[in-house]
Amino acid sequence: MDYFLQLFLSGLTKGSIYALIALGYTMVYGIIQLINFAHGEIYMIGAFTALIVASVLTILGFSGLSILILAGIAAVIYSSAYGYTMEKIAYRPLRNAPRLSPLISAIGMSIFLQNYVLLAQTSDFLPFPALIPEFEFLKPVSHIMSSAELVIILSSAVIMVLLTFFIKFTRMGKAMRATAQDKKMARLVGIDVDKVISLTFIVGSSLAALGGILIASHIGQINFYIGFIAGIKAFTAAVLGGIGSIPGAVLGALILGWTESFATGYVSSDYEDVFAFALLVLILIFRPAGILGKSSAQKV
Amino acid sequence: MKKFLTFLLVMVSAVFLMTACSQKAEEKAAEAPAENTEAAAPAASTEPIKIGVAGAHSGDLASYGLPTVNAVKLYVDEVNKNGGIDGRMVELYIEDDVCKPEVATNTASKLVSEKVVAVVGHICSGATKAALGIYKDAGILVISPSATNPELTQSGEYPNFLRTIAPDDAQARLEVDFAINTLNIKKFAVLHDKGDYGKGLAEFAKSFLEATGNGVEVVLYEGVTPGAVDYSAVVQKIGRSGAEAVIFGGYHPEASKIVTQMRKKQINIPFISDDGVKDDTFIKVAGEFAEGVYATGPVDTSSNPINIKAVEDHKAAYQADPGAFFINGYAATMALLNAIDKADSTDYDAVSKALRTEYVETPLGNISFDEKGDAIGVGFSMYQVQNGAYVELK
Amino acid sequence: MLNELKKSLITAVWFMFLTFPIMVIKVNTVYNTIVWRWHNLIYIGVGAFFGSMIWRWLHYKKTHISERNIRERLKNGLQNAIVDNKKVLYTLIAVAVAFTFAFPHMSNAYQINIMTTALMYVVLGLGLNIVVGLAGLLDLGYVAFYAVGAYSYALLNHHFGLGFWAVLPIGGALAMMFGIILGFPVLRLRGDYLAIVTLGFGEIIRLVLENWNAFSFGPSGISGIDRPSFFGLTLNLSQSMTALYYLVLGFAVITIFCVNRLQNSRIGRAWLALREDEIACQAMGIDKTKTKLTAFALGATWAGFMGVVFAAKTTFVNPASFTFLESAIILAIVVLGGMGSILGVILAALILILLPEYLRAFSELRMLIFGGSMVLMMVFRPQGLISNVRRKYLFDKMNFGGEKTNEAK
């Protein structure tokens, strides 16, 4: 039972990580039906910015919590700025282009950003400072859960609740939903569609940046390539849950996390990814639009 | 119609340009045999000696390939400054293979087209295997500073291949013997990163352990996914398997993640790994959790005067400590140029023979090569992280 | 003018802000020192200033032309001119054919080798073009079939000593089988769901090859695969490279011929109909299942053939050659070339594969340039290098041309 609990929790941690990144995918997809392959790179840039700011602050003599907060703010600001710029450069001119063109543009952007960080910084792995403090009250159960894991799970949960509120109840959230449903109609009722799309990228990128800091301080190292792998998994999670649906992304991410964790625990980690993808195929066969995705009847 | 004419013009000029390019290449190719005949003419020749350097110089494995480039450059600059070899300058052709087999064949054929005498590289075993076929047919010697796959030398398929690093099985042997004899461990968890290098090593470790008998058993044999965001499930599995030690085959990024999570989860069993982990970055990344980790690595030669000089030169030239396989690359270049010097020619057979008969002082010590191409005088020893640094265990 | 300068200035400042932490600050976390690289900031600022001017100029040109001259361009744009004017077309083809055939005799082994690789990607691109360009099914795991072909030759050669020519049809057939196996479950999926499932399938194949040591020798791969034999001749390395070049060239020609014929066949038209509108297509009495499966199977077959050639060319295979990036590059060839356009795919394959090779001089920057040019290419020519000509229709009534034709790509 203890073992089951351990696997359950490590799956939960993994799932929460995927969820933070998957939310960005799903929001962007919901609004402009684009698989933003460069989203993982935004997450990587968030982590890098946090690392750079945190190291500068450490050298300048700041300490503890203030570093965490300042580095977090910097990472969020910069990731959003990158997300916003990326949308303006690589996706906005392609709004009316053939469907696959933005996808290729996104893949190009992803390769570009990876190599940009590789050249400007380094190809080596960099140690990431443990910004999350060790909690005393977790000491007795540290074989089951570490404080970083607890922080990841809790903050993902909080972020998701906030995001849901934002989408459901604020004016901007309503505008987002309207834009997602029908861009032309949204424009007719006076919504600035371009602004809404920019905002979506900004929110999605901020979430990725938060994910970047939490994960990097959990695993303690980053390099320019981390975004790609995490991105693919998060994308899988988003599709699993039904891409475009926010609760779907979270559910998909958790299911993916648990699948991998239990597959590793009870079968073998050699095939954890095979299990993850096989599950995806199976679910999509029976629910072609993902678990929570609405398979809308097609209008003719 | 006008537009179309422009298009045609562009197309035609493009074709001409391409032909021109390839013609240039052809001219080069035409020149090359002439050079060769000159080279064959004894002694008086002043043609440069062409050496290729191949490996991952960009992409995610660049940090394993670039130090060798620096090493070769440093040593060759020094040789050229002192008048070259028998009055002939050494010329370098540095080519990237990104550690991918399909790119490595292009790299190899490019170097063959450039008529290099020998190649220092490639870095990854897979890329090396793909490239060797081409070098073999062209009669070019290859000395790798880092390709550790045992097959490369032991299969006998590649007589033109040599290396200045010990093969994987020697390393696995050392890890296993150390764990069983020194640490008295019976139950092992063997992990790897599913990569060419890591999995190969883990396979050897596993088969050595299973052949030992005496109650020694492998209770867990798993591959972890490199780059995954979290390894806690695997770590929990290690805890449950009742293993008394972990043997890990792979590189330091995964090793540091696993060690960190193991220690955080109160799994305090010995962690034994390979020279992919015996890297200072591992200690930097894993921090306090790196303490006590065992890793095999090339025998410590940092007190060797040539070694000290090489490292000093590197610091002077690049204002940084040299990276992985720097010393091996340096030694490979020294051995190669020494052999060319001793053979008084760049002829394949003569150089190959000189490499296998002449001993040479290198940063790795006094080395030569055996018939199969493995270096004599290069071995592994066991290191442990103590107070934030790797210390050789004698 | 002043306004333009102001805009560029704002862009420059924005980019200087954006790249500040990553370009300027370099922290050494071990010795806790910071290197400030202010010169980078100046480069970025100046670069962004002029870059944004060029950007806006290109953008202006693009929109300007597409609004005013679209009708004219449709009537006698270059592609139409080439295709319509048989005389020019044949001359061009003759030049191209002469060049490709003479190529090995006027260049060295390296040139032949990379040209062979480029031609292999032409075939792969055309194969994927059937699935993505013609049938409109987004496949992100195309490399899986390539791997199936490569491993079937590698394994059959290793265990049973089968030769290249014997395995070539087997590799193709196996890949086709996998195409059908993948095709069945995913028939119901649309668009991006299909994309992720094919991506997953590609990863599954790679992971199985990586983990199932007993079957595939795992990540250390299979080496010493025989090069293809030609009529029992003994060839040295450069001769066999040349032979391989002609072999792949022959393949490319056959593929071009086949795809061209397929496009105008019954099944080809069914694919196009399926891509344009699934429901209308069904209503016309086209068997959707069969049509989709044929697309998958045929696309996979070409990849299988090329996989066999790949194994024979490198004489070594391991799973590292079949990653997602490879699929992405093949997809990029199709999209950059212009979906469904054969000439476009050929050009794009040559550019995308030869560009990194000729950029070796800038080895560090080449992937950066590669990624950047993919983005720029899409932004300024989203329809690809050469958009498919077949499907342009011109309406005689005015004001119909502008937007409609723009969308009908």
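**Stop 1: Ile42 in chain A**

Select Ile42(A). It is buried, with 32 other C-beta atoms within 10 Å. The cut-off for that label is 20 or more, so Ile42(A) qualifies as buried. Keep in mind throughout that this is a predicted model.

Now show the helix around it. Ile42(A) lies in α2 of chain A, residues 39–60. Which residues does Ile42(A) touch, leaving aside those up to four places away in sequence? Select Ser79(A), Tyr82(A), Gly83(A), Ser205(A) and Ala208(A). Add Tyr78(A) and draw a C-alpha to C-alpha distance from Ile42(A): it should read 9.2 Å. In sequence, Ile42(A) and Tyr78(A) are 36 residues apart.

**Stop 2: a helix crossing in chain A**

Stay in chain A. Select α1, residues 2–32, and α10, residues 246–267. The axes of these two helices come within 7 Å. They cross at roughly 145 degrees. The crossing of α1(A) past α10(A) is right-handed. Colour the residues of this contact by class: 14 are nonpolar, nine polar and two charged.

**Stop 3: where chain B meets chain A**

Bring up chain B. Here 27 residues of chain B are in contact with 30 residues of chain A. Which elements of chain B each supply at least two residues to that side? Select α2 (62–81), β7 (217–223), α8 (232–241), α9 (252–264) and α10 (280–286) of chain B. Then single out α8(B). Its six residues are the largest share of the side that touches chain A. Colour that side of chain B by class. You will find seven nonpolar, eleven polar and nine charged residues.

**Stop 4: chain B as a whole**

Hide chain A and zoom out. Chain B has 13 helices and 15 strands. Of its 394 residues, 56% count as buried. Take the contacts in chain B with a separation of 6 or more: 67% of them join residues 24 or more positions apart.

Next, colour chain B by domain. Domain 1 covers 47–167 + 303–379, and domain 2 covers 169–298 + 381–392. The C-alpha centres of these two domains of chain B lie 30 Å apart. Now select the contact between them. In chain B, 13 residues of domain 1 are in contact with nine residues of domain 2. How do the residues on the domain 1 side divide by class? Eight are nonpolar, five are polar and none is charged.

**Stop 5: a three-stranded sheet in chain B**

Select residues 360–362, 365–369 and 375–376 of chain B. These are β11(B), β12(B) and β13(B). They form an open sheet in the order β11-β12-β13, with antiparallel pairing. Why does one side of β11(B) and of β13(B) lack a neighbour in the sheet? Both strands stand at the edges with a single partner strand each, so one side of each is left free of a neighbour in the sheet.

Look at the pairing of β12(B) with β13(B). It is antiparallel and runs over two bridges. Find Ser368(B): its bridge partner in β13(B) is Ile376(B). Then add α12 of chain B, residues 326–343. This helix packs on the sheet and touches β11(B) and β12(B). The direction of α12(B) makes about 155 degrees with that of β11(B).

**Stop 6: backbone details in chain B**

Go to Lys115(B), in the loop between α3 (101–113) and β3 of chain B. It is not a glycine, yet its phi is positive, about 60 degrees. Is Lys115(B) buried or exposed? It is buried, with 21 other C-beta atoms within 10 Å.

Move along to His122(B), in the loop between β3 (118–120) and α4 (125–138) of chain B. Check the peptide bond from Gly121(B) to His122(B). It is cis, with omega near -15 degrees.

**Stop 7: chain C**

Switch to chain C and colour it by domain. Domain 1 spans 2–68 and domain 2 spans 84–380. Their C-alpha centres lie 38 Å apart in chain C.

Finish on Thr315(C). It sits in the loop between α14 (288–314) and β4 (316–317) of chain C. Thr315(C) is not a glycine, but it has a positive phi of about 60 degrees. It counts as buried, with 22 C-beta neighbours inside 10 Å.

How values were computed:
Residues are numbered from 1 along each chain as its sequence is written. Chains are lettered from A and ligands numbered from 1 in the order in which they are written. This is a predicted model: local features need pLDDT of at least 70, side-chain atom pairs count only at pLDDT 80 or more; totals for chains, interfaces and linings use all residues. Two strands pair if DSSP finds at least two bridges between them. Helices (H or I, at least four residues) and strands (E, at least two) are DSSP runs, numbered from the N terminus. Two residues are in contact if their C-beta atoms, placed from the backbone, lie within 7 Å. Axes are lines fitted to C-alpha atoms, for helices over the stretch in contact, and angles run from 0 to 180 degrees between N-to-C directions. Domain bounds come from an automatic or database domain assignment. Ala, Val, Leu, Ile, Met, Phe, Trp, Tyr, Cys and Pro count as nonpolar, Asp, Glu, Lys and Arg as charged, and the others, Gly among them, as polar. A residue is buried if 20 or more other C-beta atoms lie within 10 Å of its own, exposed if 12 or fewer, and partly exposed in between; C-beta atoms are placed from the backbone. A crossing is left-handed if the near helix is turned anticlockwise from the far one by less than a right angle, and right-handed if clockwise.
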